[in-house]
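Visitor: Could you walk me through this one? I'd like to start with its pockets.
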Amino acid sequence: MEGQALGDQFPPGSGKADSLSTHGVSFAHAQEQKPQMFLLPIKQLSKKISRSRASIYEMINPKSRYFQPLMPQPIRIGRRIFWVSHEVDAFIEATMAARRLSVNH
């Protein structure tokens, strides 16, 4: 039971995970509110957005001419630097939306 999410205790579709609550708070609802968080190290981010390590650092540097204001800033855990996966996904979607707008106009 340790290390599992609350909804993982019951098989999907059993309805039991959805009906669990404590003091009127549904755990299933709480899980829906937060996106699952994954951290991407620089190598995985580089592969995901097809940019080199150096260009990623240029994209997050406000003083650089290649600065991308929508590019998420990294977080530091210890000595390592990570990017939050769903923030990177949002950046990619925003970039694609901007491209669609510029193509249509």
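Visitor: Which element gives the most to the lining of the largest pocket?
Guide: That's α5, with four residues. This is a predicted model, where local features need pLDDT of at least 70, side-chain atom pairs count only at pLDDT 80 or more, and totals for chains, interfaces and linings use all residues. Residues are numbered from 1 along each chain as its sequence is written, and side-chain values use heavy atoms, with hydrogens and water left out.

Visitor: What volume does the largest pocket have?
Guide: About 320 Å³. A pocket here is an open set of points on a 1 Å grid over the protein atoms alone, where a 1.4 Å probe fits, with protein on both sides within 12 Å along at least five of seven lines; lining residues have an atom within 4 Å of a point. The volume is the space filled by probe spheres set on the points, which are joined across faces, edges and corners.

Visitor: And which lining residues are closest to its centre?
Guide: Of the 14 that line the largest pocket, they are Ile49, Arg51, Met59, Phe91 and Thr95. Elements giving two or more residues to that lining are α3 (42-49), α4 (53-60) and α5 (85-104).

Visitor: Switching topic, how many helices and strands are there?
Guide: Five helices and five strands, as DSSP runs numbered from the N terminus (H or I, at least four residues, for helices; E, at least two, for strands). Along the sequence the pattern reads α-β-β-α-β-α-α-β-β-α.

Visitor: What share of the residues is buried?
Guide: Of the 105 residues, 19% are buried, meaning under 20% relative accessible area with a 1.4 Å probe, protein chains only.

Definitions and conventions: Buried means under 20% relative accessible area, exposed over 50%, partly exposed in between (1.4 Å probe, protein chains only).
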